[in-house]
Amino acid sequence: MSASNGDAEKTKPKKTLPEDSQTKTNSRLAQLSLAALGVVFGDIGTSPIYAIRECFHGEYGIEVSHVNVMGILSLMFWALVMIVGLKYMIFVFRADNHGEGGVMALTALIRGHAAPSGGRRLPGVIALGLFAACLLYGDGMITPAISVLSAVEGIGIITPVFDPYVIPLTIVILIGLFLIQRRGTARVGGLFGPVILVWLCFLAVTGAAQIVREPQVLAAVFPWHAIRFFILNKLHGFVVLGAVFLVVTGTEALYADMGHFGTRPIRLIWFALVFPALVLNYFGQGALLLNRPEAASHPFYAMVPSWAMIPTVVLATLATIIASQAVISGAFSMTRQAIQLGYLPRLKIRHTAATQIGQIYVGPVNWMLMVCTIALVVGFQSSSKLAAAYGVAVTSTMLITTTLFFIVARRRWQWPMVWAAPLAGLFFVVDVPFFLANISKIFHGAWFPLVIGGAFFILMITWARGRRILADQLRKVMPPVHQFIVDLASRPPDKIEGDAVFLTGSPYIVPVALAKNVKHNRVVHSRTVLLNFRVEDVPRVPNLEKIKTEKLGGGFYRLEARYGFMEDPKLDTVLALARGHGLDLNPETTSFYIGREKLVIAENSAMARWRAGLFIFMSRNAADAVSFFDLPPDRVIEVGVRMAI
């Protein structure tokens, strides 16, 4: 290169984003961060209301002393650093399924990724991930109960006269929260971020005001205070870990909502705002207890001056309602994923907002959550007793997430064992003690989320197993499509003008509705389309890859529609995309045939009779294909078939 060319290279201006583009990018990041603040951080952000209290005043409360306060604060600080900051924000967030996070998406990622040496599916690991997802239903019932109840209990601190109204008011708030789900929260959702922002600023200010009076609490960032705490308190100190763990409940929500906002806004808002605000408030409560040990019954509200109690209770109640909303929406989203992945029967899913992602409503799940949440409030009567039941499901899910992360690191990312094993080992060293400490809560109500999770797990594996059995039976009795077309050519039935679409579970096996129609009526349409909806182990399938059409001959066509587990398969979308592939179908003139199974228990059933009965019950109560796929009702013909399972 000549000197003149070299000088030209040096003087050439570097490419930078235009100022307007940079401004738009920053503005978009700020908007996403504010939205994430309201949806993602509500649960973990409301833990200060009860976490410190449970360590010193709860079921296993420990004596309020300088050593114990410093030890608890140190444990809380390092739990936030190691679990939320290191494990999830830095490493687990990398294990996304095409941008989607959460244990269900992680399980689908493993399920869809064949091993390099033979393609084993690891069914045991997939079942483990499925169980972790089911546990979140139990967590979704306890979170609204403990969050709202702990906030409303503040009115009893204002004056004991309000004590009898705490439970009724909590129930009224919860009923209202579940009743508005059908209408959606899009209209008020824009307020969620600003409310949580105000809440976190409030946490930071009230905590800092106490720290100024007792700055020595800042020394709790050094881990030797936690070590000293365990040495002095031995078994009792270990059991208190179950209460310390309350500071990280809601961490799975950060991972599960990653697909809605992306990793950058969530990481930014955590490290810049949420983490500092939580630490300041926890340390502030610790500083308060060093001066006023008698305030251990409710240190959060004890930091607030009497004139600010009513606004604080109102703000805390709003924050806990928002936290509960995020958990409820998460349960709806997870249910949709389970349906699409074939683990639950079809349920009617209602979209409550046309422009916002994730705004869906699943009626049966909503009413189940409402009944169980209210039952928890009535049964436990206080947030302190509910805290004793909280944590087992979450710690179990975190342990399973670590296991799944290790498998993804080894099988998908091809990390060497010398890197993956020590990192997973570090996470296990943190997760296992919290899990063991929470196990001690089983006889204090922690059995409830485990029972709920176990019940959902049985439902899911029963449904998946039953569908596989039925599919195997159909493969045995129904001919392959190509053979069916050959047979029709040798004995051609009458042809009638028009188009017919037959929905089929397998694109290569003749659907029962078509076989019966030919057998009994001896007619086929001039154009017959076999439509198969196939759900992939990815969140979304691009429109360019969604549709595959194939001309089979004899007037038959195969139409495969591929969808992700975060998408809703709809007929109008399929037909619009099929036109671009040369297959033009008018839904107003096309006949749609679907098979309806009449199920009975076989004498030699491949499933236990109670599971076969459960499968039949779920099948009978599933949403019909007409509403699920949005078929035109007046153009649908249902063909019944009796099958034994």
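Which residue forms a salt bridge with Arg 534, and how far apart are the closest N and O atoms? Glu 536 is the partner, with its closest N and O atoms 2.9 Å from those of Arg 534; the views below set this pair in its surroundings.

These legends describe a predicted model, in which local features need pLDDT of at least 70 and side-chain atom pairs count only at pLDDT 80 or more, while totals for chains, interfaces and linings use all residues. Residues are numbered from 1 along each chain as its sequence is written, and side-chain values use heavy atoms, with hydrogens and water left out.

**View 1. An open sheet of 6 strands with mixed pairing.** The strand order is β5-β6-β4-β3-β7-β8. Strands (E, at least two residues) and helices (H or I, at least four residues) are DSSP runs numbered from the N terminus, and two strands pair if DSSP finds at least two bridges between them. At the edges sit β5 (547–553) and β8 (636–644), each pairing on one side only. From one strand to the next, the twist averages 25 degrees. Strands β5 and β6 (residues 556–563) run antiparallel and are joined by 6 bridges. Look for Ile 547, which stands opposite Ala 561 in β6.

**View 2. Helix α24 lying across the sheet strands β3, β4, β6, β7 and β8.** This helix covers residues 512–521 and runs at about 165 degrees to β4 (523–535). Axes here are lines fitted to C-alpha atoms, for helices over the stretch in contact, and angles run from 0 to 180 degrees between N-to-C directions. Contact means heavy atoms within 4.5 Å.

**View 3. Arg 336 of helix α17 and its salt bridge to Asp 568.** The structure holds 15 salt bridges, each being a side-chain nitrogen of Lys or Arg within 4 Å of a carboxyl oxygen of Asp or Glu. In this one, the N to O distance is 3.3 Å. Asp 568 lies in the loop between β6 and α26 (571–579) and Arg 336 in helix α17, so the pair ties together parts that are 232 residues apart in sequence. Arg 336 is buried at 5% relative accessible area, and Asp 568 is buried at 18%. Buried means under 20% relative accessible area, exposed over 50%, and partly exposed in between (1.4 Å probe, protein chains only). Not counting residues up to four places away in sequence, Arg 336 touches Ile 349, His 351, Ile 360, Phe 565, Met 566 and Asp 568.

**View 4. Charged pairs on strands β7 and β8, and a salt-bridge network.** Arg 596 in strand β7 and Glu 638 in strand β8 are 42 residues apart, and their side chains meet in a salt bridge (2.6 Å, N to O). Arg 596 is partly exposed at 43%, as is Glu 638 at 39%. Elsewhere, salt bridges that share partners join Arg 534, Glu 536, Glu 560 and Arg 562 into one network. Within that network, Glu 536 is buried at 14%, whereas Arg 534 is partly exposed at 37%.

**View 5. Asp 624 in the loop between α27 (609–620) and α28 (625–628).** Asp 624 is partly exposed, with a relative accessible area of 30%. Leaving aside neighbours within four places in sequence, Asp 624 is in contact with Arg 346 and Arg 596.
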